[in-house]
Amino acid sequence: MGAAFLQALRACLGDPNVLVDGDLDAFEVDWRKRYRGRALAVARPSCTAEVAAVVRLCASHGVPIVPQGGNTGLVGASVPADGEVVLSLRRLNTIDSVDPVGRTLGAQAGVTVADAQRAAAHDGLMLGIDLAARESATLGGVVATNAGGLRVVRHGTTRAQMLGVEAVLADGSVLRRWTGL
């Protein structure tokens, strides 16, 4: 893909949040060093609107996207194959709300499981999901894989614990399905 695409990507996110060339190594291999690929660039949005803008841009240019959170998966699904844009969700790391009365936690996709656990515990709650990779695994990956983890027998998989979701669709539109109790 050409320089015009990369320039448009930088216009969406700012220069520091579009990585190319030598900056890509950590995003092109899984944590076990078993799967390796080549990315065109790494896009690092910080909010849903920026994710949507990147997805729209990639869709209009026919550039494939590989979403990546903590990159702790075991099957290489977050590793680019050849020339995709890695959509790194690590900067989407805000816990929006913890509601001890409604017993809910709202957080962005790049929040680690450990950070979500700490936020919940601060308000007397417990996150029903726990993984060995809790310090690096992100909620986006947990949701995408419907992870169960160490507490799955007692609390069920992620899907059973979700109240709602905000997602960017393939055309760049935003789907919001989130209602409190």
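1. The strands of this predicted model form an open sheet of four, arranged in the order β1-β2-β4-β3 and with mixed pairing. Because β1 (18-19) and β3 (65-68) each have a single partner strand, they stand at the edges, and one side of each is left without a neighbour in the sheet. For a reader new to sheets, it may help to recall that strands pair through backbone hydrogen bonds, either parallel or antiparallel.

2. Within that sheet, β2 and β4 pair in the parallel sense, and five bridges join them. One place to look for this pairing is Ala 41, which stands opposite Val 85 in β4.

3. Two helices should be viewed together with the sheet. Helix α1 lies across β1, β2 and β4, and runs at about 30° to β2, whereas α2 lies across β2, β3 and β4, running at about 165° to β4.

4. Which residues have the most contacts inside the largest nonpolar core? They are Phe 5 and Leu 9, in a core that has 19 residues. Two or more residues of this core come from each of α1 (3-13), β2 (38-43), α2 (48-61) and β4 (82-88), and α2 gives the most, with five residues. Leaving aside neighbours within four places in sequence, Leu 9 is in contact with Val 18, Ala 41, Ala 43, Val 54 and Leu 57. Apart from this core lies another, of ten residues, among them Ala 116, Leu 127, Leu 131 and Leu 139.

5. Elsewhere, Thr 158 has its place in helix α6, which covers residues 158-161. Is Thr 158 buried or exposed? Thr 158 counts as buried because its relative accessibility is 6%, which is under the 20% limit for that word. When residues up to four places away in sequence are not counted, Thr 158 touches Ile 129, Val 142, Val 143, Asn 146 and Ala 147.

6. A student may also ask how many disulfides a search of the whole structure finds. The search finds zero, and the distances for two of the cysteines help to explain this result. A disulfide is a covalent bond between the sulfur atoms of two cysteines, and here the pair must lie within 2.5 Å to be counted. The sulfur of Cys 12 is 8.6 Å from the closest cysteine sulfur, which belongs to Cys 58, and is therefore too far for a bond. For Cys 47, the closest cysteine sulfur is that of Cys 12, at 11 Å, so this pair is also too far for a bond. Cys 12 is partly exposed, with a relative accessible area of 27%, and Cys 47 is likewise partly exposed, at 27%.

Notes:
Residues numbered from 1 in each chain as written. Predicted model: local features only at pLDDT ≥ 70, side-chain atom pairs only at ≥ 80, totals over all residues. Heavy atoms only, no water. Buried < 20%, exposed > 50% of the residue type's maximum accessible area, 1.4 Å probe, protein only. Contact = heavy atoms within 4.5 Å. Core = buried A, V, L, I, M, F, W, Y, C linked by side-chain atoms within 4.5 Å. Pairing = 2+ DSSP bridges. Axes fitted to C-alpha atoms, helices over the stretch in contact; angles between N-to-C directions.
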